[in-house]
Amino acid sequence: MALTRNISMRQGVVIAIGMVLGSGLFGLPGLAIEQGGADAALLGWLVMVIIMSPMLYVFIVLGRAYPQADGLTQYAQVAVAGQMLDSVRGRIAKGAVSVLLTGTFTLGIPASIWVAASYVLHAFGVEAQWARAVLTAAFLLASTLMNLRGVNVLAKVNSVSLYVLLLVVGVLILGNLDTLNTTAEHVSNWQWHDFSLPSIWAVMALLFWAFLGWENMSFGLGELRDPERNVPRVYLWSFVCVVALYLLL
């Protein structure tokens, strides 16, 4: 059964941002500073934006060529079998990637929700393991129900979540506007000999995780309106928003 293309460009951007951002938005900047210092963290982030840009271009090209719900599995199938998608090699490649993704989602999603539950409970001073397990189960159930209701419901929930996130980041920025000027002045006086290559490399290895998530958007392209025009817009705008949020923090 063919999927209905009812996701607008704006909804697609919101969904893509939601796939990429998470608890890491408030955790990774601090961890990067802890790893290599503030200067190395900022420089490492700027370098990673440049290095990961070709990845975005690859997803744009593949997304426009194959805007179906098969996503990464179809990319693997085409890479191995070319246009002979029904060949044995193509089916094996698609099945192998499907198995890997099933394992990743089965283990990774509960783990990430466990982290989110930990953040929520920590904010209220609750550290009991049973409470964390109960809240994780509740989040998983809610996520499952939202997905069963369809992508429109998911897009609305992601929109609300994104607006709350932007509100929190906005409050943090407004409360520290003076540091933006200080940072700009400090960066203008950077000297290359002030940096350690190992510390920048360590920061970049950590910040790599901030770029995971866009690959999952490939599975939603089967419901995106006018993919020829909107696939590049969804990837580019979500990339710009994510980069801006991390840099501001």
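## A quick tour of rings, charges and a pocket

Let's start with Glu 228: with a relative accessibility of 45%, this residue counts as partly exposed, because the partly exposed class runs from 20% to 50%. Keep in mind that you're looking at a predicted model. From Glu 228 we'll move on to its salt-bridge partner, then to some aromatic rings, a buried helix and a pocket.

**Salt bridges**

- Glu 228 pairs up with Arg 64 in a salt bridge, and their closest N and O atoms sit 2.4 Å apart.
- This pair links distant parts of the chain, as Arg 64 belongs to helix 3 (residues 38-65) and Glu 228 to helix 10, with their places 164 residues apart in the sequence.
- Arg 64 has a relative accessibility of 35%, so it is partly exposed too.
- How many salt bridges does a search of the whole structure find? It turns up four.
- Another of them joins Asp 226 to Arg 229, where the closest N and O atoms are 3.3 Å apart. Asp 226 is partly exposed at 38% relative accessibility, and Arg 229 is partly exposed at 47%.
- Glu 127 and Arg 132 make a salt bridge as well, with 3.6 Å between the closest N and O atoms. Here the two partners fall into separate classes: Glu 127, at 46% relative accessibility, is partly exposed, while Arg 132, at 13%, counts as buried because the buried class takes in anything under 20%.

**Aromatic rings**

- If you search the whole structure for aromatic pairs, you get eight.
- One of these is Phe 211 with Trp 214: the ring centres are 6.2 Å apart and the planes meet at 35°, so the pair counts as tilted. Why tilted? Because an angle of 35° is neither under 30 degrees, which would be stacked, nor over 60, which would be edge-to-face.
- Are these two residues buried or exposed? Phe 211 has 1% relative accessibility and counts as buried, and Trp 214, at 0%, is buried as well.
- Trp 214 has a further partner in Phe 239, with ring centres 5.5 Å apart and planes at 45°, so this pair is tilted too.
- Trp 214 sits in the loop between helix 9 (197-207) and helix 10 (227-248), whereas Phe 239 is in helix 10, so the pair ties together parts that are 25 residues apart in sequence. Trp 214 and Phe 239 are both buried.
- Zoom out a bit and you'll see one aromatic cluster made of Trp 45, Phe 211, Trp 214, Phe 239 and Tyr 246.

**A loop residue and a buried helix**

- Ser 218 also lies in the loop between helix 9 and helix 10. With 0% relative accessibility, Ser 218 counts as buried.
- Which residues does Ser 218 touch, once you leave aside its neighbours within four places in sequence? Its contacts are Gln 68, Gly 71, Leu 72, Tyr 75 and Tyr 235.
- Two of those names, Leu 72 and Tyr 75, turn up again among the buried residues of helix 4. The others on that list are Thr 73, Gln 74, Ala 76, Gln 77, Val 78 and Ala 81.
- Eight of the ten residues of helix 4 (residues 72-81) are buried, so the rest of the structure largely encloses this helix.
- The cover over those buried residues includes helix 3 and helix 5 (88-123).
- Right after helix 4 comes Gly 82, with a positive phi near 65°.

**The second largest pocket**

- The second largest pocket holds about 670 Å³ of space.
- Its lining is made of 24 residues, and the ones nearest the pocket's centre are Leu 42, Thr 183, Leu 247, Leu 248 and Leu 249.
- Where does the lining come from? Helix 2 (24-36), helix 3, helix 7 (151-174), helix 8 (177-188) and helix 10 each supply at least two of its residues.
- Sorted by class, the lining has 19 nonpolar, four polar and one charged residues.

**One more stop in helix 2**

- Leu 31 has its place in helix 2, and at 42% relative accessibility it counts as partly exposed.
- Leu 31 and Ala 41 are ten residues apart in sequence, and their C-alpha atoms are 8.9 Å apart in space.

Key:
Residues numbered from 1 in each chain as written. Predicted model: local features only at pLDDT ≥ 70, side-chain atom pairs only at ≥ 80, totals over all residues. Heavy atoms only, no water. Phe/Tyr/Trp six-rings, centres within 6.5 Å; stacked < 30°, edge-to-face > 60°. Buried < 20%, exposed > 50% of the residue type's maximum accessible area, 1.4 Å probe, protein only. Helix = DSSP H or I, 4+ residues; strand = E, 2+ residues; numbered from the N terminus. Salt bridge = Lys/Arg side-chain N within 4 Å of Asp/Glu carboxyl O. 1 Å grid on protein atoms, 1.4 Å probe; cavity = no way out; pocket = protein on both sides within 12 Å on 5 of 7 lines; lining within 4 Å. Points joined across faces, edges and corners; volume = space filled by probe spheres on them. Nonpolar A, V, L, I, M, F, W, Y, C, P; charged D, E, K, R; others polar. Contact = heavy atoms within 4.5 Å.
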